[in-house]
Amino acid sequence: MKLVFIGPPGVGKGTYAQAVSERYGIPHISTGDIFREEARKGSELGKLVKEYMDKGLLVPDDLVIEIVKRRLQETDCRNGFILDGFPRTLPQALALEEFAKPDLVLNFIAREDVIIERLSGRRVCANCGAIYHVKYMPPKVPGVCDKCGGPLIIRRDDRPEVIRERLKVFHEQFTPIIRFYEERGRLITVEANEQAPVVIPRVLSILEMRFKESPRSQSGK
Ligand code: AP5
């Protein structure tokens, strides 16, 4: 099950990917999370990518492609993966065809006012990366991660001026990618305006119909 989740910033890719990862036992690989972790550690890569991320710009293709290629060679990707936030440009999509051709691409869509509200209220765990929303998916204790007890923080790129830039970059880059996967019959568009408890079952049922495999939770593994 080699999956790609694409769509605008804040549409909920990471939220739905977490649910699919738990259900099917395949890793959720977010290029944004990889870069944020490197930035947090202060590595050379982290310092480089932080400059792009803080402005809402894309990290150069060569760098992202190499990182994803290496990550997909790890053993946990043997039975599949969910790529969240990659590919984002046509050169990235072409490269992915060469080293790990995706079976299915889910293209999430939502209205811009919905997206902005989601990004403005997002909180993430500084420790494990779990995603919350102050209104729609609040933690049990404000500011504390339900899963690991870590502190919840606001992402640096969720500032209003950076959100605007990220949406602009998204609109510039995405039409060719959508067309690329549409032409190959591997794209399904998923309406994501509703709350996560509605969208997540929608995603899982698309996957169950498409792959007809027992989810890990049902097989008891
Ligand atoms: P990345 O981390 O990938 O950010 P993004 O694509 O902008 O997506 P987000 O993580 O912001 O949103 P999401 O759709 O995952 O939404 P989420 O589930 O969190 O990339 C960051 C940066 O890294 C880029 O700007 C770029 O610089 C760089 N980068 C990354 N990949 C790259 C690449 N391939 N090439 C070049 N550069 C790259 O949900 C958002 C909020 O809404 C949360 O609070 C959540 O709780 C809530 N929510 C989610 N779904 C629902 C729902 N249905 N109803 C109500 N609330 C919801």
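**Figure 1. Salt bridge between Lys-135 and Glu-117 in the predicted model.** The side chains of Lys-135 and Glu-117 meet in a salt bridge, with 3.1 Å from N to O. This pair links distant parts of the chain, since Lys-135 is placed in the loop between strand 6 and strand 7 and Glu-117 in helix 6, 18 residues apart. The structure shown here and in the following views is a predicted model. Lys-135 counts as exposed because its relative accessibility is 55%, above the 50% cut-off for that class. Glu-117, with a relative accessible area of 35%, is partly exposed. In general, side chains of opposite charge can pair when their charged atoms come close.

**Figure 2. Network of salt bridges around Arg-122 and Arg-166.** Arg-122, Arg-155, Asp-157, Asp-158 and Arg-166 are joined into one network by salt bridges that share partners. Two members of this network, Arg-122 and Arg-166, are also listed among the residues that come nearest to the ligand.

**Figure 3. Salt bridge between Arg-156 and Asp-54.** The structure holds 23 salt bridges. In the one shown here, the closest N and O atoms of Arg-156 and Asp-54 are 2.9 Å apart. Arg-156 belongs to the loop between strand 7 and helix 7 (160-183), whereas Asp-54 belongs to helix 3 (residues 44-55), so the salt bridge ties together parts that are 102 residues apart in sequence. Arg-156 has a relative accessibility of 48% and therefore counts as partly exposed. Asp-54 has a relative accessibility of 18% and therefore counts as buried, the cut-off for this class being under 20%.

**Figure 4. Salt bridge between Arg-186 and Glu-97.** The closest N and O atoms of Arg-186 and Glu-97 lie 3.0 Å apart in this salt bridge. Arg-186 is found in the loop between helix 7 and strand 8 (187-191) and Glu-97 in helix 5 (residues 90-100), so the contact ties together parts that are 89 residues apart in sequence. Both Arg-186 and Glu-97 are buried.

**Figure 5. Surroundings of the ligand.** The shell around the ligand contains 37 residues, of which Thr-15, Leu-57, Arg-88, Arg-122 and Arg-166 come nearest. These shell residues divide into 18 nonpolar, 10 polar and 9 charged. Backbone atoms also approach the ligand: a backbone N or O atom of Lys-13 lies 2.9 Å from an oxygen atom of the ligand, and a polar backbone atom of Val-11 is 3.3 Å from an oxygen atom of the ligand. A polar backbone atom of Ala-196 is 3.1 Å from a nitrogen atom of the ligand. Taken alone, the ligand exposes 1000 Å², and the protein buries 98% of that. Two or more residues of the shell come from each of helix 1 (13-24), helix 2 (31-41), helix 6 (112-120), strand 6 and helix 8 (196-211).

**Figure 6. Open sheet with strand order 6-5-7.** The sheet consists of 3 strands, and their pairing is antiparallel. Strand 6 (131-133) and strand 7 (152-153) are the edge strands, each pairing on one side only. Strand 5 (residues 122-125) pairs with strand 7 in the antiparallel sense over 2 bridges. Leu-152 in strand 7 is the bridge partner of Cys-125. In general, strands of a sheet pair through backbone hydrogen bonds, either parallel or antiparallel.

Note on methods:
Residues numbered from 1 in each chain as written. Predicted model: local features only at pLDDT ≥ 70, side-chain atom pairs only at ≥ 80, totals over all residues. Heavy atoms only, no water. Pairing = 2+ DSSP bridges. Helix = DSSP H or I, 4+ residues; strand = E, 2+ residues; numbered from the N terminus. Near = heavy atom within 4 Å. Polar contact = N/O pair within 3.5 Å; in protein donor to acceptor, adjacent residues only side chain to side chain. Areas by Shrake-Rupley, 256 points an atom, 1.4 Å probe, with all protein chains shown as cover. Nonpolar A, V, L, I, M, F, W, Y, C, P; charged D, E, K, R; others polar. Salt bridge = Lys/Arg side-chain N within 4 Å of Asp/Glu carboxyl O. Buried < 20%, exposed > 50% of the residue type's maximum accessible area, 1.4 Å probe, protein only.
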